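Grab a pencil and work through these exercises one at a time. Try each task yourself before you read its solution.

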Amino acid sequence: MRAIIVMFDSLNRRLLPPYGDTQSHAPNFARLAARTATFENCYAGSMPCMPARREMHTGRYNFLHRSWGPIEPFDDSMPEILGRNGVYTHLITDHQHYWEDGGATYHNRYSSYEFFRGQEGDLWKGVVNRNDTGRLKDILYRMQNQDGINRSYLEDEADHPQTLTFDAGLEFIDTNADADNWMLQLETFDPHEPFFSYEQYHRLYPESEAGNEADFDWPPYARVTEARAQVDQARNRYLALLSMCDANLGRVLDLMDEKDMWADTMLIVCTDHGYMLGERGWWGKSVMPWYDETIHTPFFVWDPRSGVAGARRQSLVQTIDIAPTLLDFFGLEPTPDMGGRPLGDAVAEDRPVREAGLFGIFGGHVSVTDGRYVYMRSSADPANRPLLEHTLMPTHMRSRFAPEEFAAAEMMPGFSFTKGAPVMRMPGWTMRGPSEFGTLLYDLKTDPGQTQPLRDAALELVMAQKLVGLMRDNDAPPSQFERLGLPVEGEVTQDHLLIEKQWAQVLLGQRRGPTVHDFARDAVIATVDVNSLLANSHARSILVDALPALGGKAVPPIFNDKTVLEIAGMVPHLDRTRLEQIEASLQSIVPAE
């Protein structure tokens, strides 16, 4: 028996033909659906990238206990378990986060691995005179500048890390087509931003002349403030990269056909999460609630044991089910700490796996869905406290924990899944707390676009009870219950409900941000960057009054080089009315560009 996982990053199910899209050129995803069971109700769990991969290894949610980080010493690792039981495992990837501090323990769980450089801001090629060395501590500058350097080495599609990743995957399959007992994880970072592909794919999605004025293929994680032409261009660049992914997926299907591998080789095609391309006025992920475009993911499974192809499956499945499914396929039992379930029967008979599942990001909403209703529980208090990390591997995405982060650290007894090991507990932080959006409840059957949050106490109670039950089943720390205003023990009652209390926040969080179309073409707030504005003492006082964060000696890196309008997409209080006031004040001081 053999198994192949083809994993993409930021793959939006709504833009795939098997899920109803008619715009994208993705014939191989349609071909894939004809050869597999296509799941209608797959939800990611722990967000974003490495938390999702920890779930793939462990079959257990990550986000309730810690943020982005490595495999922990007490974690069960599916590829490692397979290796100990005579199944050779191989990882091929261009996903650079595996080689940063927050992902450094994943790849060595495999029997062997290959890594291809150059995606996003991967610290790959060194060209000193193309760096402003004084700004290298600014992570956004460093990523975008490094990406420009990397692209100069990727002029041909054959050199692209996605291409090289699939080349290596095909080589592994071809080399080992006659061997038994192996698992290949073939994983590309695409179609994650930046949406860098090539002209042959761009031609599939013609752009207007206005859209070609700038090369906008790397949207910010923020509300949309850009012109419609730029929004269209970013979407087209995403679709172009998606079509490149589709072409490489086709190469895998071709080789499986050529080698006649369908009789004994499992195929799973999946993603870690989706991506928002302007829906409800948002770009990206993580800074907004985990709406359907980001958390409701495509999922395809070919299981040669049942031979089900071209079928749709309604069972509610999650990322945590991948590890148990692969273990089961190779005749191994899931470990006691795995909360996921093998999907053999779900593929064969659409047998239900669970009534509801959790999803979220550390420090954000803790959400539950039963496949129809989605309940996103906000913090009970705007301070979003207590928020505590629990780990034995104290690293962030790209750095170690700083010494000062350990000032309040303490050792505590572990959880049910730490195998007797204690863990460190310390204050945590998150990019953007959930309180500005409030607690949200949606009915995906009547409102698939999630534009009409519900104000239904009876339904909220039902979903809050499901949420608490799953949190308890997964041994969530008491601090999470306290942060969310939920009981660690005992019944969930009407007194614990939050939607009515937070309805003003819910309504405010639904607003779309202002865009360039709301202002004159020469508006100062839309044409002059804040660095330039701050050089004018009168303008500086106006900006600091509106944005106190600009009052320091240096502009915060996240705001560097941005216009006031672009910053408004990142902070909740700069609405259109406030921007109009700022513009009126600046007009008499600063000439627009």
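**Exercise 1: two hairpins in a sheet**

In the hairpin of β14 and β15, which residue takes a positive phi?

Before solving it, a word on the ground rules. This is a predicted model, in which local features need pLDDT of at least 70 and side-chain atom pairs count only at pLDDT 80 or more, while totals for chains, interfaces and linings use all residues. Residues are numbered from 1 along each chain as its sequence is written, and side-chain values use heavy atoms, with hydrogens and water left out.

Solution.
- Step 1: find the strands. Strands here are DSSP runs of E with at least two residues, helices are runs of H or I with at least four, and both are numbered from the N terminus. β14 covers residues 366-369, and β15 covers residues 373-377.
- Step 2: check the pairing. Two strands pair if DSSP finds at least two bridges between them. β14 and β15 pair in the antiparallel sense over four bridges, and Val 366 has Arg 377 as its bridge partner in β15.
- Step 3: look at the turn. Three residues sit between the strands, and Gly 371 is the one with a positive phi, near 100 degrees.
- Step 4: try the hairpin of β13 and β14. Four residues lie between these strands, and Gly 363 has a positive phi near 85 degrees. β13 and β14 also pair in the antiparallel sense over four bridges, with Phe 359 opposite Ser 367.

**Exercise 2: the whole sheet**

Work out the strand order of the open sheet and name its edge strands.

Solution.
- Step 1: write down the order. The five strands run β3-β13-β14-β15-β19, and the pairing is mixed.
- Step 2: pick out the edges. β3 (46-47) and β19 (440-443) each pair on one side only.
- Step 3: look for a parallel pair. β3 and β13 (residues 357-361) pair in the parallel sense over two bridges, and Ser 46 has Gly 360 as its bridge partner.
- Step 4: see where the side chains of β14 go. Val 366 and Val 368 point one way, Ser 367 and Thr 369 the other, and all are buried. Buried means under 20% relative accessible area with a 1.4 Å probe and protein chains only; over 50% is exposed, and in between is partly exposed.

**Exercise 3: a covered helix**

How many residues of helix α2 are buried, and what do they pack against?

Solution.
- Step 1: count. In α2 (residues 49-58), 10 of 10 residues are buried. Among them are Arg 53, Arg 54 and Glu 55.
- Step 2: list the neighbours, using contact (heavy atoms within 4.5 Å). The buried residues of α2 pack against β1 (2-8), β3, α3 (78-84), β6 (182-187) and α9 (322-329).
- Step 3: see what comes next. Gly 59 follows α2 and has a positive phi, near 65 degrees.

**Exercise 4: an aromatic pair**

Classify the ring pair of Phe 29 and Phe 300 as stacked, tilted or edge-to-face.

Solution.
- Step 1: recall the rule. Rings of Phe, Tyr and Trp (its six-membered ring) pair if their centres lie within 6.5 Å; planes under 30 degrees apart are stacked, over 60 edge-to-face, and the rest tilted. That gives 25 aromatic pairs in this model.
- Step 2: apply it. The centres of Phe 29 and Phe 300 are 6.3 Å apart and the planes are at 45 degrees, so the pair is tilted.
- Step 3: place the partners. Phe 29 sits in helix α1 (residues 27-35) and Phe 300 in strand β11 (residues 300-302), 271 residues apart, so to speak a link between distant parts of the chain.- Step 4: check burial. Phe 29 is buried at a relative accessible area of 0%, and Phe 300 is buried at 1%. Both belong to one aromatic cluster with Phe 8, Tyr 19 and Phe 166.

**Exercise 5: a buried leucine**

Is Leu 241 buried or exposed, and which residues does it touch?

Solution.
- Step 1: locate Leu 241. This residue is found in helix α7 (residues 228-258).
- Step 2: read its area. Leu 241 has a relative accessible area of 0%, so it counts as buried.
- Step 3: list contacts, leaving aside neighbours within four places in sequence. Leu 241 is in contact with residues including Gln 162, Asp 190, Pro 191 and Phe 196.
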